[in-house]
Every structure is written in C-alpha cells, then in structure tokens.
Amino acid sequence: MNIALITAAGRGERIGQDIPKQFLHIENKPIIIYTLEAFEKHPSIDTILVVCLDGWHEILQAYAKQFGITKLKWIVSGGETGQESIKKGLIELSSHCSVTDSILVHDGNRALISTEIISDGLAIYKKFGNSVAVVPCTEAIFKSVDGVMSEESIPRDELFRTQTPHIYTLEKLLWAHEEAEKKNIKNTAASCALMQMLGEKTYFSAGSEKNIKITTVDDIEIFKALLSVKKDEYLK
C-alpha cells in the first residue's frame, strides 16, 4: 500500500493567528483540507494518516466528512517536536500496515502539492528505494558566520532545496527513528535529513516552486494568489 503520513501537529506560533495555521480557512476551506484533497484524488494513494494537535481531532474528522476525504483512516496526536510527531504516526501505522508499505511523509501545510509531484516521487521511490521532492536553487547563495557579511559563495548548481513528500518503506523509517533514539538525535523534522545523518543516500524527485510551506502571513498571501492563477494556454 501507499500511505500518506501528513504532519499537522504544529501550533503555528510564527504565523501569529488565534488558531493553528493548518486550520485557517482560505477561500472557505481549511488549509489542511487542500493538502488532504491532493492525496485523496491521487489514484495511487490508498490511505491517509494525520498527526494532529490534541483537541483538534474531532474538528479534523468533521472537516474530512464535509469535504469528502474518504481515505483518512487514522488521526493520532503529535509530539513535542516534528521528529516525535512523525515517530508517533509511524508507530500507529506499524500496528496496522506491512513494513514493506510505502510511506509518504508530507507537511500538512504544503497545501499545493500536485498529482505530478506525488507521481514522480512514487516513480523515483520504486526505482531507487526512496525519494525526496526537491527544487534546484536558482539564486546566488552566500555563506555567512555572523549574518552581516560574507566572503564565500556556494555554487548554486550543487544545491537543492528539499520539500515533501519524503517516501520510504515503513520499515526503513522505523529503523531510522530507532537509530535516532540510540544516537540521541533529536528535533530532526525532515526525514531525509535524519536519513542523511545515518549515512543513507537520498534520491531526488521533482518538487515545485508552487509546493510552498505555509509558515508566515506572507505565505498565506502567496498561497491565495497561486490558488487563483491559471496557466496560460501558450505556455508549455
């Protein structure tokens, strides 16, 4: 099975709103529902688990029913960190799923994930055993120690920004979190970063500049703009 593990347990303190950002309504729909709809509509996704804030489980269930999210099967509470939240989701899945099942770990506030991103991620995963959505860096990148000045740039053609989903087998992800506990690795919310720290190779799948992570009020404005944009017919 292909299972989406959606992380939506953050409190969204940086966005400065009265409710968690994943439950903010944009165009009369909660942000988390946009995310769930992408996985709901993809034919290769079998089921969904959401790691959610305590006190919001029933609200999420109600929204899922309202918007026709039928693949949502499990909702579990998050931990103190992103790493802990993912681990809690994995432990729940281990009680229901095969260790060979494919797990797509995805940020709940990346609400514009596309069918193409999911499909390419699954294709690269099938070929290499894991995949991480990335986009190449297009800006000049400078390294700075003090955040004020720099005397060193990094070649941008060697740099890639990771997004989600990160796709691994359930067995591999459980192994990584067990190793993290043994090695006292904490607060590593990105599964690909944890894998890299454990000596694992990462294989790239196609991300998108539209696959933004909604973290600030500016991001919400960008998200709203992207929702209203349609691709011109003359563009390939």
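The exercises below, each with a worked solution, deal with the helices, strands, cores and salt bridges of the structure above.

The model is predicted, so that local features need pLDDT of at least 70 and side-chain atom pairs count only at pLDDT 80 or more, while totals for chains, interfaces and linings use all residues. Residues are numbered from 1 along each chain as its sequence is written, and side-chain values use heavy atoms, with hydrogens and water left out.

**Exercise 1. Helix α4**

Compare the expected span of α4 with the distance between its end C-alpha atoms, and determine which residues of α4 are buried and which are exposed.

Solution. Helices (H or I, at least four residues) and strands (E, at least two) are DSSP runs, numbered from the N terminus. The expected span of a helix is 1.5 Å times one less than its number of residues. Helix α4 covers residues 115-128, and its 14 residues should span 20 Å, which agrees with the 20 Å between its end C-alpha atoms.

The next step is accessibility, where buried means under 20% relative accessible area, exposed over 50%, and partly exposed in between (1.4 Å probe, protein chains only). By these limits Ile117, Ile118, Gly121, Leu122, Ile124 and Tyr125 of α4 are buried. They lie on the same side of α4, because they cover an arc of only 165° around the axis, the arc being that of the directions from the helix axis to the C-beta atoms. An α-helix has 3.6 residues a turn, so residues three or four places apart point the same way. On the other side of α4, Glu116, Lys126 and Lys127 are exposed.

The cover over the buried residues of α4, judged by contact (heavy atoms within 4.5 Å), includes β1 (2-8), α1 (31-41), β4 (102-107), β5 (131-136), β8 (160-169) and β9 (204-206). After α4 comes Gly129, which has a positive phi, near 100°.

**Exercise 2. Strands β1 and β4**

Establish how far β1 and β4 are buried, and identify the strands with which they pair.

Solution. Begin with β1, which is largely enclosed by the rest of the structure because 7 of its 7 residues are buried. In a regular strand the side chains alternate between the two faces of the sheet. From β1, Asn2, Ala4, Ile6 and Ala8 point one way, whereas Ile3, Leu5 and Thr7 point the other way, and all are buried.

In β4, 6 of the 6 residues are buried, with Ser102, Leu104 and His106 on one side and Ile103, Val105 and Asp107 on the other, so that both faces are covered.

For the pairing, two strands count as paired if DSSP finds at least two bridges between them. Strands β1 and β4 run parallel and are joined by 6 bridges, and Thr7 stands opposite Asp107 in β4. Strands β1 and β2 likewise run parallel, joined by 6 bridges, with Ile3 opposite Thr47 in β2. The pairing of β4 with β8 is antiparallel and has 4 bridges, Ser102 having Thr169 in β8 as its bridge partner.

**Exercise 3. The nonpolar cores**

Find the residues with the most contacts inside the largest nonpolar core, and the elements that supply this core.

Solution. A nonpolar core is a set of buried Ala, Val, Leu, Ile, Met, Phe, Trp, Tyr and Cys residues joined through side-chain atoms within 4.5 Å. The largest has 29 residues, and those with the most contacts inside it are Leu36, Phe39, Ile48, Val50 and Leu60. At least two residues of this core come from each of β1, α1, β2 (47-52), α2 (57-66), β3 (72-77) and α4, and α1 gives the most, with 5 residues.

Residues up to four places away in sequence being left out, the residues that Ile48 touches include Ala4, Ile6, Leu36, Phe39 and Trp74. A second, separate core has 26 residues, among them Ile3, Val134, Tyr168 and Ala176.

**Exercise 4. Salt bridges**

Locate the partners of Lys29, Lys87 and Lys172 in salt bridges, and state the accessibility of these pairs.

Solution. A salt bridge is a side-chain nitrogen of Lys or Arg within 4 Å of a carboxyl oxygen of Asp or Glu, and a search of the whole structure finds 6 of them. Lys29 meets Glu37 at 3.0 Å, N to O, and both residues are buried.

Lys87 meets Glu181 at 2.8 Å, N to O. This pair links distant parts of the chain, 94 residues apart, with Glu181 in helix α5 (residues 170-183) and Lys87 in helix α3 (residues 82-94). Glu181 counts as exposed at 57% relative accessibility, whereas Lys87 counts as partly exposed at 27%.

Lys172 forms a salt bridge with Glu200, their closest N and O atoms being 3.0 Å apart. Because Glu200 lies in the loop between α6 (191-197) and β9, and Lys172 in helix α5, the pair ties together parts that are 28 residues apart in sequence. Glu200, at 27% relative accessibility, counts as partly exposed, and Lys172 counts as partly exposed at 28%.
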